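Hi everyone, thanks for making time this morning. Let me put the structure up on the screen, and then I'll talk you through a few things in it.

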Amino acid sequence: MTVPAISTRGLGKRYGRVEVLRELDLDVRPGEVFGYLGPNGSGKSTTIRLLLALARPSAGRAEIFGYDCQRDSVEVHRRLAYVPGEASLWPSLTGMETLHLLGRVHGSLDCVYRDELIERFRLDPSKKVRAYSKGNRQKVLLIAALMTRAELLIFDEPTSGLDPLMEEVFRQCVREAQLGGQTVFLSSHILSEAEALCDRVGILRDGQLAEVGTIASMRHLARSSVDITFDGAPPTELAHVPGVARVLTDGRRVHIEVDGQVQPLIDALAATGVRTIVSREASLEEMFLTHYGTTGSHDSPTGEPRPPGRSTAGTRP
């Protein structure tokens, strides 16, 4: 039986009276790109801190490739590379010195691939970190993680500060990592990013896992839309077709929202004078908003509560 890349059972975390994560049961398969989605304060970063042994669970356990994240943390960190959403680096080092240091700390480094990544991300490695923009500091962390060729890549809001061109470079690198057999755990609130990259997604809300599955299997979370133009007056019985949830008419044009399959609507339109018809499935963002509505948080204004101590950054904590 294949050992999951990530496995949690009953994983929970409480800070004082605030329960940030509760009863998390999750399996991430080796070689997949898994999207971990949710609003600020939902428990995403807390989950990652537990996987990295930066925090101790209040309940349950977590394993990476069969190793206990708390008890076997040294072995766990040999197998993963981590990119945080906020880059905290050494300001007096150059980009190349930072990459060299992080590579030595991790213990594995593909120098040829590192140099290729520097070129692709358009990073000037001779500059000191203090001279880098936020986006360039984030590039350093991405390169540092990717150059290790680690079995598991954990990304927490990895494209923070990147421009659209560099976001596309990142996506290409993730696809290449998966082709090379690496597993990617992508925590993000950028739903288009998850939709473009992920084999499966898990949606977290208020510390609980609400949905897990492929994007295709989650289409039930939101309605498809169908826009129709008729040759003459639209038929009046469309609102009674199975699955049709809403009908908006504007002259000869009709906008219809459908729950589930659109086939019953297509069958009903077969005998009508349809000039044009355009059907569109809901995006992941629309599914999220439709299913969850407002995304309030009971945690700090910046997201999840942070435990005492200084945060760490790099390919390993």
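I'll go through a sheet, then some aromatic rings, and then a charge over a ring. Please keep in mind that this is a predicted model.

Let's begin with the sheet. It is an open one made of four strands, and reading across, the order is E12-E13-E11-E14. The pairing is antiparallel. As a reminder, strands of a sheet pair through backbone hydrogen bonds, either parallel or antiparallel. Which strands stand at the edges? Those are E12, covering 244–250, and E14, covering 274–280. Each has a single partner strand, so one side of each is left without a neighbour in the sheet. If you like angles, neighbouring strands here are turned by 15 degrees against each other on average, with direction ignored.

Now zoom in on one pairing. E12 runs antiparallel to strand E13, residues 253–258, and six bridges join the two. To pick out one partner, Val 244 is bridged to Val 258 in E13.

On to the rings. How many aromatic pairs are there, with ring centres within 6.5 Å as the rule? The count comes to three. Take Phe 34 and Phe 185: their ring centres are 6.0 Å apart and their planes are at 5 degrees. Planes under 30 degrees apart count as stacked, so this pair is stacked. In sequence, these two are 151 residues apart, with Phe 34 in strand E3 (residues 33–37) and Phe 185 in strand E8 (residues 183–188).

Are they buried or exposed? Phe 34 has 0% relative accessibility, so it counts as buried. Phe 185 also comes out at 0% and counts as buried.

Phe 185 has another ring to pair with, that of Tyr 36. Here the centres are 5.1 Å apart and the planes are at 40 degrees, so the pair is tilted. Tyr 36 lies in strand E3 and Phe 185 in strand E8, so this pair ties together parts that are 149 residues apart in sequence. Tyr 36 is buried as well, with a relative accessible area of 0%. Put together, Phe 34, Tyr 36 and Phe 185 form one aromatic cluster.

One last stop, for the charge I promised. Arg 149 lies over the face of Tyr 113, at 3.7 Å from the ring centre.

That's my tour, so thanks for listening!

Definitions and conventions: Residues are numbered from 1 along each chain as its sequence is written. This is a predicted model: local features need pLDDT of at least 70, side-chain atom pairs count only at pLDDT 80 or more; totals for chains, interfaces and linings use all residues. Side-chain values use heavy atoms; hydrogens and water are left out. Two strands pair if DSSP finds at least two bridges between them. Axes are lines fitted to C-alpha atoms, for helices over the stretch in contact, and angles run from 0 to 180 degrees between N-to-C directions. Rings of Phe, Tyr and Trp (its six-membered ring) pair if their centres lie within 6.5 Å; planes under 30 degrees apart count as stacked, over 60 as edge-to-face and the rest as tilted. Buried means under 20% relative accessible area, exposed over 50%, partly exposed in between (1.4 Å probe, protein chains only). A charge sits over a ring if NZ of Lys or CZ of Arg is within 6 Å of the ring centre and within 35 degrees of the ring normal.
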